[in-house]
Amino acid sequence: MQEEQSDHYGMFIDGKFRDGAETFDVENPATGSPIATVAEASEGGVDDAITSAKRAQPEWAAMDPAERGQHLSAFAETIRERVDEISKTVTLETGRPIGQSVGLVGSAADYIEYYAGMTTKIQGETIPVPGDQQAFTRKEPVGVSAQVIPWNAPILLCCRGIGPALAAGNAVVVKPAPEAPLGLLEIGELATEAGIPDGVLNVVTGDGETTGAALTTDPRIDEITFTGSVATGQIVGKAAIDNVVPTALELGGKSPAVVFEDANLEDAVEGAMKALTLMSGQVCFATTRIFVHQGCYDEFREALREAVESISIGPGIEDPDLGPLVSDDGLEKVRGYVDDALENGASALTGGAVPDREGYFYEPTVIEGADDDAPISCEEVFGPVIALYEFSDEREAIRRANDTEFGLYATVWTNDLGRGHRVANEIEAGSVMVNQYSGSYPQTPFGGYKKSGLGREKGMQAIDHYTQLKTVNIDYGDGSDGTSDE
């Protein structure tokens, strides 16, 4: 890492930190005060990063897969050795409570370790064909991957993407969000310390309009991975189409939780609390629409109110239950959604205001009585706000849960195994959890239906995304016995 007391970071290109002509500030959202200045990658900096990746990728791809896996294992171990240091950086730049940051960085190392074990298992298949021929497929790296990472879980989402990309023999250029670039710059340096060759992993810092656009529109990029808003994802997707390169898009969510009358309500309340407090609700899979059966609505409602009112709030470094929102813009967006709901007939079971303290904090809030088509019910609030709705039967719950343009995540709470299967099968989402809030692991694919995205991250499906399939057909006879439909 750069000097521990330093408040200036350079971009990380070709194994080295380097400055740019311009800089930008990174704030601590718990105070609103700057904690670092970071070099802004101009188009020239992005060009240098892509050039570096293009140069390094062929040698990395040609390396013995077992050796490539050893480098990734060393990378994972290096992250684990620095977990406290990296976690503090993540907490200071995002506001995430330090306990959550420790878990996030540990999970990031798990992703790298998982894909380290995949390097020797990326293989094609032999295909029977007529005559004296042999046909087989090969999985080859796509080349250079551009990965645009959001600010809410930067280390985890970066390692989730670079793990399979590097395992498959690609080089990567990462662009962090300007709100949270510091931890990813440290990750870039740790990759070099672990023996990953210079240029294989580069980190360019800056905003989306300049740095992000220069990266995702460059014709030398062979694949784009993006996590963020639908609007920006559409721009990135168009850039990928223009250059005819594959893209993985993980976009927004408006995830439902369905609580049936036979559910374990204590567990269901705990799941709702995680949706509120994990990164202050600033996660794409937060179950922000909670549909509760009328037979247990009052009991669930009271238990949730008591739990929410016990949440501790404070700077992430103090490890409270709930930290700040990432920025003043984020705070104002959340305030706007809640105020609109309250002005249009909904009520706050608890919360619904900005506490009187410095930083970008918002009270954990539960809204009742909002219409299904209200903005707070349809749009991604991205804050510690959930809304309760009452339903009468299974069909109604499924219909209302699916009444959204998103389809990333859902939870179902019931002790009826048959019902759990039925509802999970019918909910339109890329991931459905039954009787748990999060059951996500490196080996389980993740992605969305509808406007929640394209493609899948994690698991073997991610390896497929970061490779291209080649078919080889060899005629080892005189060719006279073979037939072809082309």
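Here is a walk through the chain, from its overall build to a few chosen places within it.

The model you are looking at is predicted. Its secondary structure comprises 15 helices and 23 strands. The radius of gyration is 24 Å, close to the 23 Å that the globule rule gives for 486 residues, so the chain is as compact as a globular protein of that length. If you like to think in box dimensions, the C-alpha trace spans about 80 × 60 × 40 Å along its principal axes.

How is the chain packed? Among contacts with a separation of 6 or more, 73% link residues that sit 24 or more positions apart. Of the 486 residues, 55% count as buried. As for the surface, the chain exposes about 19,500 Å², and 47% of that area comes from carbon and sulfur atoms. Charge is worth a look too: there are 81 negative side chains and 34 positive ones. The centres of these two sets lie 3 Å apart.

Now let us step inside, to strand β17, which covers residues 385-391. Is this strand enclosed or open? Six of its seven residues are buried, so β17 is largely enclosed by the rest of the structure. One of its partners is strand β14 (residues 287-293), which runs parallel to β17 and is joined to it by five bridges. Within β17, A387 stands opposite R289. Strand β16 (residues 365-368) also pairs with β17 in the parallel sense, here over four bridges. To find that pairing on screen, pick T365, whose bridge partner in β17 is V385.

Two single residues round off the tour. T91 belongs to helix α3, which spans residues 83-94. Is T91 buried or exposed? With a relative accessible area of 2%, which falls under the 20% cut-off, T91 is buried. Setting aside neighbours within four places in sequence, the contacts of T91 are R96, P97, I98, S101, G316 and I317.

The other residue, R138, lies in strand β7 (residues 133-141). R138 has a relative accessible area of 43% and is therefore partly exposed, as values between 20% and 50% are classed that way. Which residues does R138 touch, once neighbours within four places in sequence are left aside? They are Q468, L469, K470 and V472. For a sense of distance, try selecting A21 together with R138: the two are 117 residues apart in sequence, and their C-alpha atoms are 44 Å apart in space.

Notes. Residues numbered from 1 in each chain as written. Predicted model: local features only at pLDDT ≥ 70, side-chain atom pairs only at ≥ 80, totals over all residues. Heavy atoms only, no water. Helix = DSSP H or I, 4+ residues; strand = E, 2+ residues; numbered from the N terminus. Rg over C-alpha atoms; globule rule 2.2 N^0.38 Å. Buried < 20%, exposed > 50% of the residue type's maximum accessible area, 1.4 Å probe, protein only. Contact = heavy atoms within 4.5 Å. Areas by Shrake-Rupley, 256 points an atom, 1.4 Å probe, with all protein chains shown as cover. Lys, Arg positive; Asp, Glu negative; His and termini not counted. Charge placed at Lys NZ, Arg CZ, Asp CG, Glu CD. Pairing = 2+ DSSP bridges.
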